[in-house]
There are 4 protein chains.
Amino acid sequence: MQNGWAHTDVRRVRTLAPRPAPIGAGVVGCGYWGPNLARNLSEVSEFELRGLCDREPEPLRSLARRHPDVQVYRDFDHMLADEDIKAVVITTPPDTHYALGMKALRAGKNVLVEKPLATRLNDAREMAALARRSGLVLMPGHTFIYSPAVNTVRNLIRSGVVGDVHFVTSSRMNLGKYQRDGVVCDLAPHDLSILMYWLEQPVVEVAASGSCVFRQGVPETAFLTLTFAGGISASVQLSWLAPRKLRQMIVVGRNRMVQYDDTASDEPVRVYDRGMDHGPTSSFGEHQLVYRTGDVVIPRVEPQEPLALELQDFANSIRTGEEPRSNVGLGLDIVAAVEMAQASMMDNGVPLEFAPWVEPAVA
Amino acid sequence: MQNGWAHTDVRRVRTLAPRPAPIGAGVVGCGYWGPNLARNLSEVSEFELRGLCDREPEPLRSLARRHPDVQVYRDFDHMLADEDIKAVVITTPPDTHYALGMKALRAGKNVLVEKPLATRLNDAREMAALARRSGLVLMPGHTFIYSPAVNTVRNLIRSGVVGDVHFVTSSRMNLGKYQRDGVVCDLAPHDLSILMYWLEQPVVEVAASGSCVFRQGVPETAFLTLTFAGGISASVQLSWLAPRKLRQMIVVGRNRMVQYDDTASDEPVRVYDRGMDHGPTSSFGEHQLVYRTGDVVIPRVEPQEPLALELQDFANSIRTGEEPRSNVGLGLDIVAAVEMAQASMMDNGVPLEFAPWVEPAVA
Amino acid sequence: MQNGWAHTDVRRVRTLAPRPAPIGAGVVGCGYWGPNLARNLSEVSEFELRGLCDREPEPLRSLARRHPDVQVYRDFDHMLADEDIKAVVITTPPDTHYALGMKALRAGKNVLVEKPLATRLNDAREMAALARRSGLVLMPGHTFIYSPAVNTVRNLIRSGVVGDVHFVTSSRMNLGKYQRDGVVCDLAPHDLSILMYWLEQPVVEVAASGSCVFRQGVPETAFLTLTFAGGISASVQLSWLAPRKLRQMIVVGRNRMVQYDDTASDEPVRVYDRGMDHGPTSSFGEHQLVYRTGDVVIPRVEPQEPLALELQDFANSIRTGEEPRSNVGLGLDIVAAVEMAQASMMDNGVPLEFAPWVEPAVA
Amino acid sequence: MQNGWAHTDVRRVRTLAPRPAPIGAGVVGCGYWGPNLARNLSEVSEFELRGLCDREPEPLRSLARRHPDVQVYRDFDHMLADEDIKAVVITTPPDTHYALGMKALRAGKNVLVEKPLATRLNDAREMAALARRSGLVLMPGHTFIYSPAVNTVRNLIRSGVVGDVHFVTSSRMNLGKYQRDGVVCDLAPHDLSILMYWLEQPVVEVAASGSCVFRQGVPETAFLTLTFAGGISASVQLSWLAPRKLRQMIVVGRNRMVQYDDTASDEPVRVYDRGMDHGPTSSFGEHQLVYRTGDVVIPRVEPQEPLALELQDFANSIRTGEEPRSNVGLGLDIVAAVEMAQASMMDNGVPLEFAPWVEPAVA
């Protein structure tokens with residue numbers, strides 16, 4: 001693993017007491033997800049929303065109506081020319097992340113890029129290297145790891161309540177907005193970010209098979225089998241074709257099972273205290289497992305908007321140089337796993353091992 | 001596919017009006033599942049339970065107490081010697097099915113074997129061939145395909161309500177009784193029988209990865225990716241380690257999605273009438289899919305005990321020679337797929353293609 | 001309250017080690033509920049089922065088929081003449097309980113009567129007095145108080161987990177079998193037995209309003225407001241007209257809320273650890289309540305058949321003279337409350353107070 | 001019923017094509033519910049938010065921060081003096097509605113008052129009379145009747161899908177913000193508005209019993225039994241003491257049952273197509289009811305913000321003089337029923353009949 005993201009315990013975003021002036025920020029990409037970021041940027045005190053940019057006039061106009069005091073741009077370069085904009089948030093389609101991100105970094109801006117960081121690992125690495133050389137923050141927007149429910153599960157794992165993790169499953173399905181990069185690029189980063197954040201291990205092997213109904217080469221459904229560095233395996237079912245929104249993950253550990261259902265707003269996390277355990281060994285080996293039975297607990301999860309926490313973490317990183325929870329190392333691991341999944345899909349589902357990238361001595 | 005099971009429309013088991021004398025039946029294997037079969041055999045009018053057999057004295061004694069008029073046997077051969085026993089039901093562990101099944105067939109008995117038919121495809125074929133030569137019924141006990149809910153889903157697919165099937169997922173987990181043959185041999189036959197019964201296609205490719213926590217070589221968890229003859233793919237998650245019992249299958253089709261949850265006793269089937277469809281093509285290709293929205297329907301499913309229906313189908317097959325719904329061809333296809341899954345697991349998850357077995361001209 | 005049922009802590013039915021000969025038992029009423037009792041009587045070791053009785057030939061014949069060794073009777077007197085029958089179970093319609101119960105007691109039999117004990121309080125009292133004078137057991141069949149889930153809730157209240165009970169609600173609805181005594185006589189005894197068992201207090205006031213759709217004078221729907229001796233109030237909604245079966249009770253206490261849903265088989269009890277509490281008093285009185293937030297816990301409830309436990313308690317009472325958990329005092333309190341509810345319904349919903357019955361000094 | 005609200009079919013709020021200038025609006029009461037109204041007033045194009053008023057500086061300051069361009073007032077009279085404010089929205093505690101409403105009407109403003117219109121029927125009538133004489137709109141804010149789910153149920157009733165309504169139940173519980181007017185004044189208007197809107201009948205009789213735990217005279221829990229003009233009865237359970245938020249209403253009709261659960265965001269309405277019906281009459285009268293069985297349907301409900309629809313209806317009423325869906329007649333009926341419930345609670349639960357108010361000929 002190329003960085004220490006798993007070892008920093010950033011459970012809560014710090015709030016600095018005497019607050020300095022807000023950081024000027026601009027958003028590029030005013031469609032689907034852009035309005036949420038613009039709203040949060042204008043609501044949190046850490047930022048001042050100064051610019052909105054989109055090539056298309058309609059989403060730009062529509063979003064500008066809600067932010068009448070903010071400057072609008074059709075040309076990204078023009079927005080970058082505003083010297084009071086220190087932070088740029090990129091919410092355009094994935095295959096534009098690299099080009100826009102490099103531009104913004106070259107213009108000396110701190111950058112928050114919607115997931116994934118880029119569609120190719122080498123591009124993402126180039127962005128990461130430029131950010132590091134320039135002393136700028138480059139942060140992927142893995143918003144789920146700021147979700148209170150996701151952090152509840154992480155704490156259950158970290159504290160030993162779950163016990164050694166045996167395996168994980170995930171079903172993430174919806175009627176998806178069709179995107180030209182396919183369902184793996186669209187949805188897998190969510191599962192990967194959550195799983196890496198929970199297990200604190202990178203993925204070392206991926207087998208993936210996808211199927212295309214509406215357009216050749218753009219899978220709307222994919223099944224992934226992941227193996228993590230410590231040997232834990234995970235099954236991930238992704239689809240844009242499912243009328244019922246499903247966002248369910250199950251972590252089965254030696255002591256307990258945890259179910260996380262992001263659509264069950266009131267009760268997103270359930271902990272099952274039943275399991276199988278080693279009992280006294282019999283000579284026949286048939287009865288050596290004993291069952292424990294117990295209660296189900298639904299821990300209280302405080303509602304908080306993950307996007308606001310993410311932006312506060314971005315601001316903190318810009319100001320202090322501390323790594324954000326959703327850091328570039330996590331982003332690179334995710335891009336690597338997505339790339340591997342795409343390659344396995346092309347190779348008919350054969351499992352591919354991750355070739356860990358060793359950063360050249362002189363970078 | 002080696003037989004016509006998919007083409008026979010055996011939606012309901014026939015009830016013959018003037019009922020002949022009941023068929024004498026014996027059960028071998030009085031443990032876990034045996035008592036259910038013994039009870040059903042003594043309740044349906046088609047059979048007369050005449051014998052109970054188990055090598056171990058305790059389960060035999062325990063079951064005999066509930067059936068005081070039935071003869072008990074420690075030795076299977078002795079039970080086979082009862083000429084009034086025309087049908088033998090085998091509910092012993094999977095790796096004994098072949099030996100006991102062959103013995104029973106050689107003794108001229110009609111045989112119902114708990115799933116799977118055998119643990120190796122060649123053994124299962126040998127059993128099938130012997131039954132055919134001997135004019136005896138050999139029937140695998142794929143009980144799920146007699147379940148009213150499973151048949152409700154099958155009818156939704158057959159009638160076109162679901163539309164072309166895009167993909168299927170299944171999660172089948174519980175705190176399983178540990179069995180020496182592993183979780184794939186134990187649980188996968190359920191998914192395979194249901195999926196083949198729904199899709200009316202055999203599996204042509206399997207990729208499987210398993211993980212062992214408690215004993216090397218006996219996976220308690222396995223993830224399968226299946227490809228069916230028509231190109232449909234399915235993801236199947238199996239585990240014995242999950243404290244919460246999960247039996248959920250999702251069929252996503254062009255017109256509707258069907259969710260089948262066997263643990264939701266009152267409302268096992270839900271039909272979602274929302275989907276994505278081809279709209280008018282735009283030049284950019286981005287907006288060519290349109291969304292339909294609609295209602296969710298929970299069809300009424302009549303409660304009926306599948307095991308009783310299965311036994312009635314067995315009796316009908318013995319009497320008329322008609323193929324039972326759960327027929328030997330289906331059983332062979334399932335053994336083949338299980339064998340393939342085991343091989344893929346040994347090969348680290350590499351997908352394996354099914355080499356269809358061509359029955360020799362002179363069998 | 002006329003007896004000590006609330007003060008005896010009969011949490012589990014004792015099992016006597018060296019088991020004496022089983023008690024001969026007969027069942028009168030072979031329709032709806034009779035078969036369940038006959039089956040349980042033949043399964044528990046404490047009883048030997050010796051007689052089945054029904055005026056109508058069809059239910060008698062049907063039930064006799066499942067119990068081929070048991071004597072059948074069209075005439076109740078004939079069954080009572082069997083001296084080896086020491087215990088009679090009455091499962092006929094409520095308005096026959098009094099006449100049949102008196103007959104059985106006069107014949108020297110111990111009697112278990114399906115709820116309610118009788119339809120009129122005076123009749124029930126006469127039965128109770130005769131049983132006491134004769135040294136026989138008279139036990140009403142309030143099966144719910146043997147349910148493991150009901151006892152889980154009782155323990156949560158007794159142990160102080162719930163805290164002082166603020167109020168209770170109950171919704172008990174289904175598509176009911178139409179009975180000539182009306183929905184209150186049919187369903188309210190369930191709620192009353194559970195509530196009295198939980199709160200250990202009798203009902204002192206009842207307001208009830210009923211509505212009739214299909215036949216005048218026989219309400220299919222009724223709303224009851226009960227006040228218990230300690231001041232706790234309960235709202236009970238009863239109906240035979242609801243297509244969805246509802247059996248949900250909510251107990252709100254100072255410390256926690258408990259929800260009991262008898263139709264949620266896996267998770268019948270949920271405990272909510274959130275509440276409102278007295279905080280420091282402010283001068284404005286507006287902010288004197290503070291909120292606690294917490295987890296939801298679903299305690300493990302062991303599945304056990306309540307009817308078997310009830311019969312074992314009946315046998316124990318016959319043998320030892322100990323009061324059964326479902327004792328005659330509880331039965332009388334319930335008949336009293338039902339009678340009051342019927343009277344309030346006749347009086348257009350005006351609340352009626354319970355006039356406690358003082359047993360004459362010389363009885 | 002004093003007006004025709006039940007007969008106007010205002011299923012959807014009209015959208016006028018060429019939009020006139022927005023109506024100037026002010027909000028008094030910046031606490032709990034005020035911010036929602038301020039936000040919606042600033043978002044819908046029909047209004048221009050011009051004033052915010054609160055006696056207390058803190059909520060005023062806090063809300064002003066979100067609406068920096070809007071004038072703030074500590075004194076209501078000063079806000080009324082702004083001639084460009086044509087509409088005033090009152091979201092202060094219920095016992096201030098009358099005084100503030102009268103003031104606003106006297107100042108010539110159109111008034112939207114949060115529910116209930118007033119705490120006493122006579123006060124509410126005086127407000128209604130003044131509004132009528134002055135040609136101004138007086139509208140109670142019964143927001144629930146603009147909810148898409150509530151309207152889905154209304155359409156199911158209107159269209160005959162449900163059939164003749166047999167009865168209704170409602171459970172509305174939460175951990176409530178303590179209010180000095182008690183739980184009936186706080187929560188019952190929701191149930192009353194929904195029930196009157198569904199059944200298109202006023203309440204003619206109310207029996208209510210309440211219980212107080214934390215402060216004498218301020219019930220936190222109340223059970224209501226309502227009788228509607230057509231004979232339908234309803235049971236309503238209200239509480240501020242329940243940790244689990246419950247908002248469930250059940251309508252049982254001759255043809256179908258409808259369940260409306262406002263907390264089940266995705267599937268708020270369920271329709272059960274099972275019921276009991278008159279069958280052929282038998283001479284014994286016991287078997288004259290037959291059961292229909294059928295499916296459950298969860299109709300698609302479009303998400304829309306009810307508050308925005310309510311404000312648009314308010315604007316339409318100001319401009320056109322048309323009655324709003326949530327009209328003053330409905331508001332008066334609700335105040336009358338609440339008053340009756342309070343009186344019945346004081347009278348220990350005795351049912352009280354509604355004495356319909358005949359407006360004097362010369363008003």
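# Exercises on a predicted four-chain model

Let's start with one residue pair: in strand 6 of chain D, Gly141(D) is the residue that Glu114(D) stands opposite. Keep in mind throughout that this is a predicted model.

## Exercise 1: Build up a sheet

Task: Work out which strands of chain D form the open six-stranded sheet, and in what order they lie.

Solution.
- Step 1. Begin with strand 5 of chain D, residues 110-114, which is joined to strand 6 of chain D by four bridges. These two strands run parallel.
- Step 2. Extend the view to the whole sheet: the six strands of chain D follow the order 3-2-1-4-5-6, with parallel pairing.
- Step 3. Look for strands that pair on one side only. These edge strands are strand 3 (71-73) and strand 6 (138-141) of chain D.
- Step 4. Check the twist: on average, neighbouring strands of the sheet are turned by 25° against each other, direction ignored.

## Exercise 2: Follow the chain past strand 5

Task: Find where Pro116(D) lies, and decide whether Pro116(D) is buried or exposed.

Solution.
- Step 1. Place the residue: Pro116(D) is in the loop that links strand 5 with helix 5 (121-134) of chain D.
- Step 2. Count the neighbours. Pro116(D) has 28 C-beta neighbours inside 10 Å, so this proline counts as buried; the cut-off for buried is 20 or more.
- Step 3. List contacts, leaving out residues up to four places away in sequence. Pro116(D) touches Pro94(D), Pro140(D), Cys185(D), Pro189(D), Ile334(D), Val335(D) and Val338(D).
- Step 4. Add a distance: Tyr73(D) is 43 residues from Pro116(D) in sequence, and their C-alpha atoms are 24 Å apart.
- Step 5. Turn to the peptide bonds in two other chains. In chain A, the bond from Lys115(A) to Pro116(A) is cis, with omega near -10°, and Pro116(A) lies in the loop between strand 5 and helix 5 of chain A. In chain C, Lys115(C) and Pro116(C) are also joined by a cis peptide bond, with omega about -10°.

## Exercise 3: Positive phi angles

Task: Say where Asn348(A) and Glu200(B) lie, and how their exposure is classed.

Solution.
- Step 1. Recall the usual pattern: most residues other than glycine have a negative phi.
- Step 2. Take Asn348(A), whose phi is positive, near 70°. Asn348(A) sits in the loop between helix 9 (328-346) and strand 17 (352-353) of chain A. Because Asn348(A) has 14 C-beta neighbours inside 10 Å, this residue counts as partly exposed.
- Step 3. Take Glu200(B), with a positive phi near 55°. Its place is the loop between helix 7 (183-199) and strand 8 (203-211) of chain B. With 17 C-beta neighbours inside 10 Å, Glu200(B) is likewise partly exposed.

## Exercise 4: The core and the symmetry

Task: Identify the residues with the most contacts inside the largest nonpolar core, then describe how chain A is superposed on chain B.

Solution.
- Step 1. The largest nonpolar core has 458 residues, and Val251(A), Val251(B), Val251(C) and Val251(D) have the most contacts inside it.
- Step 2. In chain B, domain 1 (23-142 + 316-322) and domain 2 (145-306) both give residues to this core, so the core lies between them.
- Step 3. Zoom in on Val251(A). Beyond neighbours within four places in sequence, its contacts include Val153(A), Ile157(A), Trp198(A) and Met257(A).
- Step 4. Now superpose: a rotation of 180° with 0.0 Å of shift along its axis brings chain A onto chain B, with an RMSD of 0.0 Å. The two copies are therefore related as by a two-fold rotation axis.
- Step 5. Locate the axis: Val350(A) comes closest to it among the residues of chain A, at 2.6 Å from its C-alpha. The same surface serves both copies, since 100% of the contact residues of chain A recur in chain B.

Notes:
Residues are numbered from 1 along each chain as its sequence is written. Chains are lettered from A and ligands numbered from 1 in the order in which they are written. This is a predicted model: local features need pLDDT of at least 70, side-chain atom pairs count only at pLDDT 80 or more; totals for chains, interfaces and linings use all residues. A nonpolar core is a set of buried Ala, Val, Leu, Ile, Met, Phe, Trp, Tyr and Cys residues joined through C-beta atoms within 7 Å. A residue is buried if 20 or more other C-beta atoms lie within 10 Å of its own, exposed if 12 or fewer, and partly exposed in between; C-beta atoms are placed from the backbone. Domain bounds come from an automatic or database domain assignment. Two residues are in contact if their C-beta atoms, placed from the backbone, lie within 7 Å. Copies are superposed by least squares on the C-alpha atoms of residues with pLDDT of at least 70 in both. Two strands pair if DSSP finds at least two bridges between them. Axes are lines fitted to C-alpha atoms, for helices over the stretch in contact, and angles run from 0 to 180 degrees between N-to-C directions.
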